[in-house]
Amino acid sequence: MSQETPADKYLQDMTTLHLTALVKARTEIHKLIKDPKSEFNLTTDKTGLYDHPYISLEKLYQEVEPILLKHDLLSSVTQEPTEDQHILLARMRITHSISKGYDQAFIRVQIEKQTAQGLRSAMTYATRSLYMQLLSLPIEKDDDGHDANKTANDKDVREYQQRKEIKNGTMHTN
């Protein structure tokens, strides 16, 4: 059986240091999210296309970055080269400043408008998504699709009732 070398021990210690810092930061961020007194609410900051709620990148940055820094974690987002000018490939890396260990994630986002604003919009979306992914943040309240199914089922029931009333000649108008 091989004996652990000092280099192996050092790498193990640095990995432990990095992961411990990341776990502590995530735990602190998640406590902040669950705290009813906290202003950090992932679904009430902004609304986007189709009135879909989301947290602005500015608010996410203001809340998350101080916690990461407190635990010696530095985040960086870079745009990676792609062959398709309509696709943005973004990478976020969260690096532990002491151990140099890091976690990273990538995302591909379609650039809707081939303008500086279109690129900025795609980068903002990508950055927000990467924060959510690397820090395991809930995107919004998860109801396992019940609201979507309820809306579809309610609509189906109303349409069925209207067809039945028309067929029977009993349709009422308000």
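Which side chain meets that of E28 in a salt bridge? The side chain of K70 does, with 3.1 Å from N to O, and this pair is the subject of one of the views below.

The structure is a predicted model, in which local features need pLDDT of at least 70 and side-chain atom pairs count only at pLDDT 80 or more, whereas totals for chains, interfaces and linings use all residues. Residues are numbered from 1 along each chain as its sequence is written, and side-chain values use heavy atoms, with hydrogens and water left out.

**View A. The salt bridge between E28 and K70 joins two helices.** A salt bridge is a side-chain nitrogen of Lys or Arg within 4 Å of a carboxyl oxygen of Asp or Glu, and the structure holds three of them. In this one, the side chains of E28 and K70 come together at 3.1 Å, N to O. Because E28 belongs to helix α1 and K70 to helix α2 (residues 57-70), the pair ties together parts that are 42 residues apart in sequence. Helices (H or I, at least four residues) and strands (E, at least two) are DSSP runs, numbered from the N terminus. K70 is exposed, with a relative accessible area of 56%, while E28, at 25%, counts as partly exposed; buried means under 20% relative accessible area, exposed over 50%, and partly exposed in between, using a 1.4 Å probe and protein chains only.

**View B. K9 and D13 form a salt bridge within helix α1.** Their side chains meet at 2.9 Å, N to O. The two residues stand four apart in helix α1 (residues 6-34), so about one helical turn separates them. K9 is partly exposed at 38% relative accessibility, and D13 is partly exposed at 33%.

**View C. R91 and E80 form a salt bridge between two strands.** The distance in this pair is 3.4 Å, N to O. R91 lies in strand β4 (residues 87-96) and E80 in strand β3 (residues 73-80), so the bridge ties together parts that are eleven residues apart in sequence. E80 is partly exposed, with a relative accessible area of 21%.

**View D. L68 and L135 belong to the largest nonpolar core.** A nonpolar core is a set of buried Ala, Val, Leu, Ile, Met, Phe, Trp, Tyr and Cys residues joined through side-chain atoms within 4.5 Å. Of the 27 residues in this core, L68 and L135 touch the most other members. The elements giving two or more residues to the core are α1, α2, β4, β5 (102-110) and α3 (116-134), and the largest share, six residues, comes from α3.
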